[in-house]
Amino acid sequence: MSDKKIYIITTTNEIETYYSFLPTSYSTWKKIFPNCVYVLGLITPKSESSDFVKRCEELCDVFYKFRPLENVESGVQAKTTRMYLSTLFEEEVCMIIDIDYYLLKPSFLIEKI
């Protein structure tokens with residue numbers, strides 16, 4: 001496998017069903033790819049100083065906060081935000097994942113990279 005870093009790109013909103021996966025998602029991807037860069041986009045109207053935002057920021061390597069778009073469901077915004085975030089690392093190997101996505105057989109992916 002190349003020495004190039006892998007950027008794991010995910011997003012979440014304030015729905016507990018999704019953000020509750022953040023701790024295990026982060027630790028799992030770091031276990032599979034110890035040198036990966038875990039990128040999190042958070043959709044929230046909360047300020048950077050809120051405990052929720054601070055905790056999310058602790059559970060990633062690169063953090064972006066986005067305000068919810070008017071008349072756009074936050075889950076839809078989260079999906080499109082993942083695509084946008086991947087453009088920020090266009091020279092890198094990016095893996096765009098749902099926050100609740102876990103590899104059951106990491107060797108399969110590693111063989112493909």
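**Group meeting: a sheet, its helices and two cores**

Okay, let's start with helix H4, residues 74–87, which lies across E1, E2, E3 and E4 and runs at about 160° to E1. Keep in mind that this is a predicted model.

So what are those strands doing? They make an open sheet of four, in the order E3-E2-E1-E4, and the pairing is parallel. Have a look at the edges: that's where you find E3, residues 62–66, and E4, residues 93–96. Each of them has a single partner strand, so one side of each has no neighbour in the sheet. On average, neighbouring strands here are turned by 20° against each other, ignoring direction.

Now zoom in on E1 and E2. E1 covers residues 6–12 and E2 covers 37–43; they run parallel, with six bridges joining them. If you want a spot to click on, tyrosine 7 sits opposite valine 37 in E2.

Back to helices. H2, residues 22–32, lies across E1, E2 and E4, and its direction is about 160° to E2.

Next, the nonpolar side chains. How many residues are in the largest nonpolar core? It has 22, and the ones with the most contacts inside it are Ile8, Leu22, Trp29, Phe33, Tyr38, Cys56 and Phe63. The elements giving two or more residues to this core are E1, H2, E2 and helix H3, which is 51–58. Which of them gives the most? That's H2, with four residues.

And there's a second core, separate from that one, with nine residues. Ile9, Val37, Ala78 and Phe89 are among them. You've met Val37 already: that's the residue across from tyrosine 7.

Notes: Residues numbered from 1 in each chain as written. Predicted model: local features only at pLDDT ≥ 70, side-chain atom pairs only at ≥ 80, totals over all residues. Heavy atoms only, no water. Pairing = 2+ DSSP bridges. Axes fitted to C-alpha atoms, helices over the stretch in contact; angles between N-to-C directions. Contact = heavy atoms within 4.5 Å. Core = buried A, V, L, I, M, F, W, Y, C linked by side-chain atoms within 4.5 Å. Buried < 20%, exposed > 50% of the residue type's maximum accessible area, 1.4 Å probe, protein only.
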